[in-house]
Amino acid sequence: MKFNVAKVFIGLLFSVGLGGTINAQTDQIDDPDWPDWAYGFLAPLEEGDQIAWPCPTVVENPRDCRRPAAPDPDDGIKHTLPGTDKSFTSAEANYGYGPADWYPGDHPAMPDIVAYGNEDAGIRACSLCHYPNGQGKMENGHVAGLPAEYIFQQLDAFERGDRRNADQRKENTNEMSIMPKRLTDEEKQQIAEYFSSIPFRQWVQVIEAEEVPQVRVGSAGGLMVPIPNVPLMPLGNRIIEVPEYPERTEIMRDPRVGFVTYVPIGSLEKGENLVTTGGGKTFQCSICHGTDHRGIAAIPPIAGRTASYTMRQLWDFKQGTRVSPLMAPVVANLTSEDMMHIVAYLASLPPSEETFPAP
């Protein structure tokens, strides 16, 4: 595609013209197609469920609050990982203002705001959720290899309230609404330039299946973890995504091991048709995101991300809680099932030529 066409799409992506609306709780409860799995939940929202953490002070929007995070108790047990001589306790690995960096050679020197955050301002380290190498997890975002301009624009979108979760139970995105308000422009630029300089590596193994491991929700953010030594469960019409090495992801935050994505049988073929042709319902993804779906200019790559993450974005666009003049018409005629097929196929695509050493 010629660059002048790409510039048109970039302008559409970053223009402000379509207002988003936050769905009411009753809308979420009444929608049978709501993809609860994408937000880290195994059951639909019901009357009486906690949908917003109480704020210590009155704010205009309850999504401007996040649950206070107490530090993990330190049991003193040191853990190790393959390919590094470093060792950390679980508390050290998950410390909000300086989490473990297991593989410093996998990334450039981190700016302080990425490595440590700013405790006085209540800004936890970017490397806590997104990892020092930016790979991220199923319950948050994958920021490695995104264009710096795009990252900066998304920080501004979070700050304006133009990017929020449609599912009001998922509160970790609230933190992304709070953080940019406390960042300086210089810190935003440091974050954007740092993560954009790191290639995103193969992170997902997609498997079509009828039965899958039973899972539990392993963190407030929405990480799903397989339950050992129990029978498999029917997958149904959803996607179940789990860490390839559960303990290394949940306890040690291993930034080199990714996820296994179980999708309904036939999803990849259906998803490929929608992604490559539009299927009479939408537009070809390659028009904006490139023939390999690895992005063009400031338009982000979409290949190889976790299906949960990409599904949340499409559903948020559909609900209007993530505002995008470009993506609104793309998702307008898509059902939840269509989106599930799309994200299954996109997750199966290689995001780059880069790979991690064998675990």
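What share of the 359 residues of the chain counts as buried? The share is 53%. The model is predicted. Its chain holds 14 helices and nine strands. The points below cover the chain as a whole, one three-stranded sheet, the helix α6 and two non-glycine residues with positive phi, Y131 and R253.

**Whole chain**

- The exposed area of the chain is about 16000 Å², and carbon and sulfur atoms supply 53% of that area.
- Counting contacts in the chain between residues at least 6 apart in sequence, 66% join residues at least 24 apart.

**Sheet β3-β9-β8**

- β3, β9 and β8 form an open sheet of three strands in that order, with mixed pairing.
- Its edge strands, each pairing on one side only, are β3 (204-208) and β8 (240-243).
- On average, neighbouring strands of this sheet are turned by 20° against each other, with direction ignored.
- β3 and β9 run parallel and are joined by five bridges.
- Q205 has V260, in β9, as its bridge partner.
- In general, strands of a sheet pair through backbone hydrogen bonds, in either a parallel or an antiparallel arrangement.

**Helix α6**

- α6 consists of 13 residues and spans 19 Å from its first C-alpha to its last, which is close to the 18 Å expected at 1.5 Å a residue.
- The buried residues of this helix are Y150, I151, F152, Q154, L155, A157 and F158.
- G161, just after α6, takes a positive phi of about 90°.

**Positive phi outside glycine**

- Most residues other than glycine have a negative phi.
- Y131 has a positive phi, near 70°, although the residue is not a glycine.
- Y131 lies in the loop between α5 (126-130) and α6 (148-160).
- Y131 counts as buried because its relative accessible area is 0%, under the 20% cut-off.
- R253 is another residue other than glycine with a positive phi, here near 60°.
- The loop that holds R253 runs between α9 (246-250) and β9 (259-263).
- R253 also counts as buried, because its relative accessible area of 1% is under the 20% cut-off.

How values were computed. Residues numbered from 1 in each chain as written. Predicted model: local features only at pLDDT ≥ 70, side-chain atom pairs only at ≥ 80, totals over all residues. Heavy atoms only, no water. Helix = DSSP H or I, 4+ residues; strand = E, 2+ residues; numbered from the N terminus. Buried < 20%, exposed > 50% of the residue type's maximum accessible area, 1.4 Å probe, protein only. Expected span 1.5 Å × (residues − 1). Contact = heavy atoms within 4.5 Å. Areas by Shrake-Rupley, 256 points an atom, 1.4 Å probe, with all protein chains shown as cover. Pairing = 2+ DSSP bridges. Axes fitted to C-alpha atoms, helices over the stretch in contact; angles between N-to-C directions.
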